[in-house]
Amino acid sequence: MTGTVGDQEVTTYAFVRIPGDDDLTLALRPGAAQRVDELASVDFDMAALVAVPRRATLEVGADVSTTGVRADGRCSVSGTVVRYDAGTGSPWTDACRVPVRVAGTEEWTVLSVPIGIVAREPQPELRPGSLTVGPGETASFDLRNMTSWQLGREDWAGIRYTVEYAGSAFSSVILDGSVVTVTGADRAVPGSENAAIVSVTSHTAVAPARLLLRVGAAPSTLPQGGTTTLQCSQASGSSCTIDAVGLPGEVNPLPRTPLEVVSVRPTSACTGVGFDVASSSSVRASWTADAPGATCAASVTLRDAQSRSTAGTRDARVVLDLQGFPRSPASVRQTAYADGSLTLRVDAGEARRAYPALTGFRVRFGAQVVADCGADGSCPVIAAPNGEKREYVVTAVNGVGESRGSVRTTAWAYDPPARPKSGDFTPVVTRDGEGNVADLVIRGVESSETGQLEVRSSAGETRTIGVGRNDTDVRISGFRVGSNSQSEITVTPTSRFEVPTGLGGSAQGGALTFSAHGVGAPLEPNITITSRSTGDGMSTVTVEGTARQNGTDSRLRYGIAEGTACRVGDGGPRREFPNKEDGVAYTFTFCVESDFGGTSYGTRSVTQEDYRVAQDTAAPRGYTFTVGAKPGTAVEDGRPVARWRVSDIAAGSKPPRFNKAVYTNFDGDRSSVFGSDPNIGVYFQHEIWGTTSETGRVAPASGSAPYQVQATMRVASCVGGERLDVATNSSNDLAAMTLDRDAIRYTDKNGTVLPTGGSNLVPVGATRVENVRVTVDWSARGWGLDSVVLETQGPCKPGTPDREPEADPEP
């Protein structure tokens, strides 16, 4: 056989086996079983019962026999016919074992022909049966349903059964008459099977049969735990056991097997309390020594015989009502102090959650109880000496007793010192002239109560000064006030005793406040110098100085000098210096001094070197330029050009001292502007300082062209038979430009000069024109500019001879 699998061709082969005559296997035909009454016999022909090939002959051997199970049973043979004699007694089944073969073969095949014996008395027969029972369930089965009678002759009154069961899936198999009652084991696995052997004891030789017992589905009802509460006390130990099985509200689908405890978990937060499994039916609640009393709940997971566990709301719920000592208070602190007394307050913390409820707190100093506080933590006033630190121990109290732990605090009484009476100061001269320093005197200090003074400047330093027991006046040298302006000085006395910790009071007593300041050298000295011309190259220089006062109520003294030597006096901050030369540099110095109470606190000076006395900055006047009469000529882009440029600038007003005239728009003594005002400017520039005056205008001189001019020409068109076209151009078209036609010469491609015949037309055949001359004349403008002749040449087109000439106007 050939076929295709996917893209591949596949070939396979089959074999046919034809057995030989000697390979035949003999067998009984269907329905070969025989039936015979007790004490009777039955004949059957083996030739009819055995299947043989066509035209084959069956041979039956003489050695026939029974199975031997019936003592009176006999088998015999005659030819191919076999006889069975039943005889009496059970069992009621037998067989004749008959050797057969096909004639011509040598090997015998022994075939067993089944024989059924019909008893003279009614005989039962058992057939297999089955029964399904769920875990924990009970079901009944009548064994008569698996019993039949020979020939339909029933004898139910005389039959007796026995049942043998050795399996584990069913807790009981009980026979009552013909009814078997079966109870499924609670832990049986659904779907598992066991067999019970059913026998008949009232009739002999009845073959036993199997009653198949199958475990059905477990009950649909799920297990559910109950609820219980147990009160335990810390006084009885550190744990107690709580039953979790068989509680009110429990649901057990398989009640013959108690539920089992699988696990336990707390469902409420109870500090120091834990739960664990104690046994299959109980849990253990345990607590630490410092666990507070509380009501603690736990969820217990149970499991039934079918290993189905409770979960969520189906879990058992156990509640521990733990009666315990209160936990120690969270803290105790001093909340107030007075002269000879103090007040404490207790923070209950976890003790607030005591169960039974908290009744209050007990305060001890040493072994003595000094106060009993309320449950809210408030305590009565406790007497104590000022400044003596005492340690107080506090415990929490409830109906069970005092907490095992305690809290402690140190507290004491306190009273602050009195305020000093007055303060004074004297500024200190500093080397750097900065000031900001003064000597202080604090008077009227209560030295018996004051341990130190804190002296603080609002702008400077803070200094702590120790106070002796007899120091009623305290002197402080070189105190950095931090400012030369009036600044606030605060003097705060500090007690010899420590202020109770954490209270709103202060270690300091009343503060004394007064003003002080330092004095320093003047600030920001500045010099301003101006000058004004008085004519003839002379000026008056005015020097004015400024400075800021550097000390409240201090006085400034000034000095101004030419040069660097300066001395202060009682003059003012302004001074004039006349008859100074314009354009010359001078040096001036300004100095200033701070004076307070007749004492100098520093001098500052400012020197300005090389002050330049200002000169007149007016623009130069009277400067003129002249356009030269002679032009410059050149050839640019093949065209002749003539240009008349500025040839001279005549000076006007004289430059000031050390100055020179500088021109603008006249780089390299040339201007690139033609046909319009070149806008040449002039200004004076100091040869050393580089300062400049305002810029004046250089105007055209009288009789000169008002600006630079230029003229140019080119051959615009040269075509044989047409007029020669010469283009000309001058600045603003103001020049007279005349073409000299007589000088023009035409040549052909061989260089031969072509005659014009007196015509103004380009000869036909001309390839070049030469000696094209134009005279440029500016005389009509009266600018004194010389005339010039521009000459050029260019290529021509030969043209055609039959072209009609046009009129030839003069250029």
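Two strands are taken to pair if DSSP finds at least two bridges between them. With that in hand, a good place to enter this predicted model is Val-261, which stands opposite Leu-302 in β27. The strands concerned are β24 and β27 (residues 294-303), which run antiparallel and are joined by six bridges. Both belong to an open sheet of four strands, arranged in the order β22-β28-β27-β24 with mixed pairing. The edges of this sheet are formed by β22 (227-233) and β24; each has a single partner strand, so one side of each is left without a neighbour in the sheet. From one strand to the next, the twist averages 25 degrees.

Strand β24 also leads to the charged pairs. Side chains of opposite charge can pair when their charged atoms come close, and the structure holds 32 salt bridges. One of them links Arg-187 with Glu-260, with the closest N and O atoms 3.0 Å apart. Arg-187 sits in the loop between β19 (179-184) and β20 (193-200), while Glu-260 belongs to strand β24 (residues 260-266), so this pair ties together parts that are 73 residues apart in sequence. Arg-187 counts as partly exposed at 48% relative accessibility, and Glu-260, at 21%, likewise counts as partly exposed; the cut-off for buried is under 20%.

A salt bridge is also found between the side chains of Arg-353 and Glu-350, at 2.7 Å from N to O. Here Arg-353 is partly exposed, with 43% relative accessibility, and Glu-350 is partly exposed with 32%. The side chains of Glu-770 and Arg-745 meet in a further salt bridge, at 2.6 Å from N to O. Since Glu-770 lies in strand β62 and Arg-745 in strand β60 (residues 745-747), the pair ties together parts that are 25 residues apart in sequence. Glu-770 is buried, its relative accessible area being 18%, whereas Arg-745 is partly exposed at 36%. Elsewhere, Arg-362, Arg-364, Asp-372 and Glu-402 are joined into one network by salt bridges that share partners.

Strand β60 holds another residue worth a look, Thr-747. This threonine is buried, with a relative accessible area of 7%. Leaving aside residues up to four places away in sequence, Thr-747 touches Thr-752, Val-753 and Leu-754, together with Ala-766, Thr-767 and Arg-768.

The nonpolar interior completes the picture. The largest nonpolar core has 39 residues, and those with the most contacts inside it are Trp-644, Leu-724, Tyr-746, Val-769 and Val-776. At least two residues of this core come from each of β49 (624-627), β51 (639-644), β52 (646-650), β54 (681-686), β57 (709-717), β59 (736-740), β62 (768-777) and β63 (788-795). Apart from this core lies another, of 25 residues, with Met-46, Leu-49, Leu-58 and Cys-96 among them.

Leu-724 gives a residue-level view of the largest core. With residues up to four places away in sequence not counted, Leu-724 touches Val-715, Ser-717, Cys-718, Ile-744, Tyr-746, Val-762, Val-769 and Val-772, as well as Arg-741 and Asn-760. Two of these partners, Tyr-746 and Val-769, are themselves listed with Leu-724 as having the most contacts inside the core.

How values were computed:
Residues numbered from 1 in each chain as written. Predicted model: local features only at pLDDT ≥ 70, side-chain atom pairs only at ≥ 80, totals over all residues. Heavy atoms only, no water. Core = buried A, V, L, I, M, F, W, Y, C linked by side-chain atoms within 4.5 Å. Buried < 20%, exposed > 50% of the residue type's maximum accessible area, 1.4 Å probe, protein only. Contact = heavy atoms within 4.5 Å. Salt bridge = Lys/Arg side-chain N within 4 Å of Asp/Glu carboxyl O. Axes fitted to C-alpha atoms, helices over the stretch in contact; angles between N-to-C directions.
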